[in-house]
Amino acid sequence: MIPTHYFLILSALLFTIGVCGVLTRKNGITIFMSIELMVNAVNLTFLAYARQFHQVHGLIFVFFIMAIAAAEAAVGLAIFISLFHHRDTIDVDEANLMHW
Amino acid sequence: MEFAIFFLFAAVAVIFALVVVLHRNPVVGALSLVASFFALAVMYVLLEAPFLAALQVIVYAGAIMVLFLFVIMLLNLQHVAEPVTRPVQQFLGYTTSAFFGIGLVYYLSKYAVFNALPEGPFHADARTIGIKLFESYVFPFEMVSILLLAAIVGALTLSAKSVGRPGASESGAEAR
């Protein structure tokens with residue numbers, strides 16, 4: 001039986017990689033994929049704690065997070081398609097319509 | 001044996017996640033993310049949640065990542081190079097995330113170490129989840145269905161705006 005903190009540390013590593021991608025990349029779709037990576041790291045944490053405390057609630061939360069991530073991906077990619085139609089790029093530096 | 005599987009697939013997940021963040025080509029990034037999600041599904045099986053592992057493969061690696069790949073290929077982004085601008089901000093991003101990760105791993109290994117799992121088997125199969133979902137979580141379940149409907153309508157209106165209307169693309173071209 002693998003201890004819970006192994007999974008927690010793996011989840012922390014994946015979350016950190018996702019944070020690094022969001023902070024350093026400029027391609028909008030890559031930033032979006034990094035966000036998906038962070039969501040999955042949190043899912044792993046939920047499942048690890050669900051097994052540690054024998055609670056089904058963590059599994060239900062992962063179920064809902066997956067559904068909401070699907071909705072988020074659909075809307076976010078639609079925003080990028082719209083941005084690409086208007087600006088011919090998905091570089092997030094170019095999306096400066098509301099820039100001060 | 002279990003530990004060998006864990007470390008193998010943990011390495012696969014972390015390496016492919018690094019490819020997602022570091023590779024210049026978004027198509028390679030999306031395919032690496034699919035591989036990383038498969039490795040995470042193995043983690044879910046190790047955590048005794050086979051139903052959610054199946055959902056991870058079907059919903060994430062199957063549906064969401066195919067949507068990503070469709071959009072990447074629709075926008076024809078393969079040859080768009082990412083110019084290196086703002087080096088200071090990029091350096092700050094790398095250092096901040098490195099410190100964040102080091103702190104997170106340090107505090108997890110110091111304070112979140114559990115010695116023993118509780119006794120008895122943990123049933124996390126589809127039957128248990130389904131009963132719980134339709135007993136205590138019926139209202140959030142219905143809310144998620146409405147949210148998905150709203151997301152469909154929102155995605156359609158957002159992405160079809162410049163395609164559906166005949167005059168929209170010309171005005172967009174003039175604005176450029």
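In the predicted model examined here, A:His54 lies in the loop that joins α2 and α3 of chain A. The backbone of A:His54 has a phi near 50°, a positive value in a residue other than glycine. With 15 other C-beta atoms within 10 Å, A:His54 is partly exposed, because a residue counts as buried only from 20 such neighbours and as exposed at 12 or fewer. A comparable backbone feature occurs in chain B, where B:Glu48 has a positive phi of about 60° although it is not a glycine. B:Glu48 is placed in the loop between α2 and α3 of chain B, and B:Glu48 is partly exposed, having 18 other C-beta atoms within 10 Å.

Chain A contains three helices and zero strands, and its order along the sequence is α-α-α. The radius of gyration of chain A is 17 Å, well over the 13 Å that the globule rule gives for 100 residues, so chain A is more spread out than a compact globule. Along the principal axes, the C-alpha atoms of chain A fill a box of roughly 50 × 25 × 25 Å. Of the 100 residues of chain A, 53% count as buried. Among the contacts in chain A with a separation of 6 or more, 45% involve residues 24 or more positions apart.

The two helices that flank the loop of A:His54 also pack against each other. Helix α2 (residues 28–53) of chain A and α3(A) meet at an angle of about 175°, with their axes 10 Å apart. This angle makes α2(A) roughly antiparallel to α3(A), because angles over 145 degrees are counted in that class. From α2(A), the contributing residues include A:Phe32, A:Val39, A:Phe46 and A:Leu47, while those from α3(A) include A:Leu59, A:Val62, A:Ile65 and A:Phe80. By class, the contact of α2(A) with α3(A) comprises 13 nonpolar, four polar and one charged residues; A:Glu36 of α2(A) is among the residues that make the contact.

Helix α3 (residues 57–87) of chain A also packs against α5(B), at an angle of about 80° and with the axes 10 Å apart. The arrangement of α3(A) is therefore roughly perpendicular to α5(B). In this contact, A:Leu59, A:Ile60 and A:Phe63 of α3(A) meet B:Ile129, B:Lys132 and B:Leu133 of α5(B). The class composition is five nonpolar, no polar and one charged residues. A:Leu59 takes part in the contact with α5(B) and also in the contact between α2(A) and α3(A).

Over the whole interface between the chains, 72 residues of chain B and 62 residues of chain A are in contact. On the side of chain B that touches chain A, at least two residues are supplied by each of α1 (2–22), α2 (26–46), α3 (50–75), α4 (87–111), α5 (126–135), α6 (138–159) and α7 (161–164) of chain B. That side of chain B has 54 nonpolar, 13 polar and five charged residues.

Within chain B, the domain assignment gives domain 1 (1–80) and domain 2 (123–161). The C-alpha centres of domain 1 and domain 2 of chain B lie 22 Å apart. Four residues from domain 1 of chain B and four residues from domain 2 of chain B form the contact between them. The side of domain 1 of chain B that touches domain 2 of chain B has three nonpolar, no polar and one charged residues.

Conventions. Residues are numbered from 1 along each chain as its sequence is written. Chains are lettered from A and ligands numbered from 1 in the order in which they are written. This is a predicted model: local features need pLDDT of at least 70, side-chain atom pairs count only at pLDDT 80 or more; totals for chains, interfaces and linings use all residues. Domain bounds come from an automatic or database domain assignment. Two residues are in contact if their C-beta atoms, placed from the backbone, lie within 7 Å. Ala, Val, Leu, Ile, Met, Phe, Trp, Tyr, Cys and Pro count as nonpolar, Asp, Glu, Lys and Arg as charged, and the others, Gly among them, as polar. Helices (H or I, at least four residues) and strands (E, at least two) are DSSP runs, numbered from the N terminus. The radius of gyration is taken over C-alpha atoms; the globule rule is 2.2 Å times the number of residues to the power 0.38. Axes are lines fitted to C-alpha atoms, for helices over the stretch in contact, and angles run from 0 to 180 degrees between N-to-C directions. Angles under 35 degrees count as roughly parallel, over 145 as roughly antiparallel, 65 to 115 as roughly perpendicular and the rest as oblique.
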